[in-house]
Structure formats: C-alpha cells, structure tokens
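I opened my notebook to jot down what I looked up in this one. My entries follow in the order I made them.

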Amino acid sequence: MADIVVVFHSGYGHTQRVAQAVAEGAGAHLLAIDADGNLPAHGWEMLAGADAIIFGSPTYMGGASWQFKKFADASSKVWFKQGWKDKLFAGFSNSAAMNGDKDATLTYLWHLAMQHGGLWVSLGIMPSNDKAAKRDSINYVGGYNGLLTTSPTDASPAEMARGDLDTARAFGERVAEVATSRTPNH
C-alpha cells in the first residue's frame, strides 16, 4: 500500500472536512497546517516519506490561504535538494461560491508540485452536467485538474453537500490507485 499524506490548511473547518473525506478514500494520513502556517514537528518527515502528497487549501481572494503559501515557501528547502522529485501530487480547494476562483488555487497547487518535479494526478471523474444532476451528484462542481468543493458562507462544515464529500472520497481512491500502481510490491 502506498504512503499518502494530505497536507492542508483550513480556516473555518470546511477544507478540513474535505481533507478528511479525501484521506478516507485514499487511506491517507492527515497533516494540518496550523493557523500560523506551520506544520507539526513531524510534518516534514511525513512528507519526505510519502509516495503521494495531496495539497488542500481554501480559496481566499482568488488564491490559496496565506497559511498554505507560508508552508509552500518553506518547502523551498526541500525543493533545493529535489526531495519530492517524482512523487505523485494532487490538490483540492473549497470556496463559498460555485466558481469562487478555485481553479486559480488548483493552478497554484499544480505549479508548486511541478516546481518540486512531481507528477500530477487529476480528478479523473466526469462532471454531473446534465439536467438530471443535483447538488448532491458526484463532481457537480465540475473539476478536472483537481477536486473542487463549495460551501456557502453561512453553512457549517456539517452542512457540506454530500456530493462534494462523495467526490472527495472518490478522488482519494483515485490517488491511492495511481500511487499503489507505482509502489513496488503492491
């Protein structure tokens, strides 16, 4: 089985709920970036040992949270030594609006993975985009390059759409399948 880490920042709990669903699908470890943009003491070691790293950040004002960016900047020490080269990467973002410029955040996460010499895993799930689609349908938000979820500003994390969480679990499963296919002795 592949070693997968979901490293994420969550400001209000919604992105954390998505991270938990992704980790459940992937059989992954959760690694939270704290409110000051720092990892716990063992965080960098967890990432070094991972076969796949899944990035997660809310989208604030058209981009990743500053806490996630602080983590990304700190990863330059790993970049300098090419410590994450050839690892699998994937990403997800949550925002309040259906579009919410989440794609800008996913593009940022992709660029970070590419700078580290990584290999990107897309969502790989067709969107629910016909008239029969409902908000609780899988991939209703219609992501391709990564997982997109939406949480209205007045909704608690417990009120997140079932379809978004089902899509998150399926995304985690996809990353795990790809990672396992690359891991020796699987």
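How many nonpolar, polar and charged residues does the lining of the largest pocket have? I got 5 nonpolar, 8 polar and no charged residues. A reminder to myself before going on: this is a predicted model.

**Entry: the largest pocket**

I looked up the space in the largest pocket, and it comes to about 240 Å³. Its lining is made of 13 residues. Nearest the centre of the pocket I found Tyr-12, His-14, Tyr-60, Ala-96 and Ser-151.

Next I asked which elements supply at least two residues each to this lining. They are helix 1 (14-26), strand 3 (52-60) and strand 5 (88-95). Strand 3 gives the most, with 3 residues.

**Entry: a patch on the surface**

I then went looking for nonpolar patches. Tyr-12, Tyr-60 and Met-61 form one on the surface, and together they have about 450 Å² of accessible area. Two of these names were already in my notes, since Tyr-12 and Tyr-60 are among the residues nearest the centre of the largest pocket.

Where does Met-61 lie? I found Met-61 in the loop between strand 3 and strand 4 (63-64). Its relative accessible area is 87%, so I put Met-61 down as exposed.

**Entry: positive phi**

I checked backbone angles too. Most residues other than glycine have a negative phi. Met-61 goes the other way: its phi is positive, about 50°, although Met-61 is not a glycine.

Asn-139 is another one I wrote down, with a positive phi near 50° in a residue other than glycine. Asn-139 sits in the loop between strand 6 (119-120) and strand 7 (147-150).

Is Asn-139 buried or exposed? Its relative accessibility is 2%, so Asn-139 counts as buried. Met-61, at 87%, counts as exposed. I like having the two side by side: each lies in a loop between strands, and each has a positive phi.

**Entry: salt bridges**

How many salt bridges does the structure hold? The number is 5, and I followed some of them by hand.

I began with Arg-162, which forms a salt bridge with Asp-136, their closest N and O atoms being 3.8 Å apart. Arg-162 belongs to helix 6 (residues 162-182) and Asp-136 to the loop between strand 6 and strand 7, so this pair ties together parts that are 26 residues apart in sequence. I noted Asp-136 as partly exposed, because its relative accessibility is 33%.

Arg-162 also forms a salt bridge with Asp-166, and here the closest N and O atoms are 3.5 Å apart. The two are 4 residues apart in helix 6, so about one helical turn separates them. Asp-166 is partly exposed, at 28% relative accessibility.

From Asp-166 I moved on to Arg-169, another salt bridge partner, with the closest N and O atoms 2.9 Å apart. Asp-166 and Arg-169 are 3 residues apart in helix 6, so again the separation is about one helical turn. Arg-169 counts as partly exposed, with 24% relative accessibility.

Which residues do these shared partners join into one network? I listed Glu-24, Asp-136, Arg-162, Asp-166 and Arg-169. Glu-24 is one whose own pairing I left for a later page.

Technical notes:
Residues are numbered from 1 along each chain as its sequence is written. This is a predicted model: local features need pLDDT of at least 70, side-chain atom pairs count only at pLDDT 80 or more; totals for chains, interfaces and linings use all residues. Side-chain values use heavy atoms; hydrogens and water are left out. On a 1 Å grid over the protein atoms alone, a cavity is a set of points where a 1.4 Å probe fits but cannot get out, and a pocket is an open set with protein on both sides within 12 Å along at least five of seven lines; lining residues have an atom within 4 Å of a point. Grid points are joined across faces, edges and corners, and a volume is the space filled by probe spheres set on the points. Ala, Val, Leu, Ile, Met, Phe, Trp, Tyr, Cys and Pro count as nonpolar, Asp, Glu, Lys and Arg as charged, and the others, Gly among them, as polar. Patches are made of residues with over 30% relative accessible area and no salt bridge: like charges are joined within 9 Å, nonpolar side chains (Val, Leu, Ile, Met, Phe, Trp, Tyr) within 5 Å. Accessible areas come from the Shrake-Rupley method with a 1.4 Å probe; for residues, only the protein chains shown count as cover. A salt bridge is a side-chain nitrogen of Lys or Arg within 4 Å of a carboxyl oxygen of Asp or Glu. Buried means under 20% relative accessible area, exposed over 50%, partly exposed in between (1.4 Å probe, protein chains only).
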